[in-house]
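Got the viewer open? Keep the selection box handy and let's walk through it.

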Amino acid sequence: TPGATGALSIALDSFLNPGQSVVVFDPTSPLFSVGVRSRRGRIRTVPAWVESDGRLRFPLDRFAKAMRGARMLMLADPAIPHGGCLASEDLEQIAWWAKRHDVLIYLDETLARYRTI
């Protein structure tokens, strides 16, 4: 693709219809919200924070609830803007919930070379 923004546009244009919901962690890249809203999609946010070890954390109950009926989940790893990284066991949980609810995962790994965990 012509960069991360081009990949995001292609994914949204290909898989998101107006009125469908997209799950994002909060805070996240502002491009995710702008892209979804410009296609008349709905944003569902899940609060996220970074632990002292650099691990991105989120409440699993809120995440599971947000995934119900969603079309896409948009992630960045490491997370933008705070740089927290998803641990492998959290990625497994995310994948399990996405499969359970038939939610497409869009994962931006533009900054993957800076992962710390």
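The tour goes to one helix and its surroundings, then to a pair of helices.

This is a predicted model, where local features need pLDDT of at least 70, side-chain atom pairs count only at pLDDT 80 or more, and totals for chains, interfaces and linings use all residues. Residues are numbered from 1 along each chain as its sequence is written, and side-chain values use heavy atoms, with hydrogens and water left out.

Start by selecting 88-101, helix α4. (Helices are DSSP runs of H or I, at least four residues, and strands are runs of E, at least two, numbered from the N terminus.) Its end C-alpha atoms sit 20 Å apart, which agrees with the 20 Å expected for 14 residues at 1.5 Å a residue; the expected span is 1.5 Å times one less than the number of residues.

Now show side chains for D90, I94, W97 and A98, the buried residues of α4 (under 20% relative accessible area, 1.4 Å probe, protein chains only; exposed is over 50%). Look down the axis: they fall within an arc of 100 degrees, so they line one face of the helix. The arc uses directions from the helix axis to the C-beta atoms. Flip to the other side for E92, K99 and R100, which are exposed.

What covers the buried face? Select β1 (21-26), β4 (56-57), α3 (60-67), β5 (72-76) and β6 (104-108), which are among the cover (contact means heavy atoms within 4.5 Å). Just after α4, click D102: its phi is positive, near 55 degrees.

Last stop: select T5, L8 and L12 in α1, which meet L31, F32, G35 and V36 in α2.
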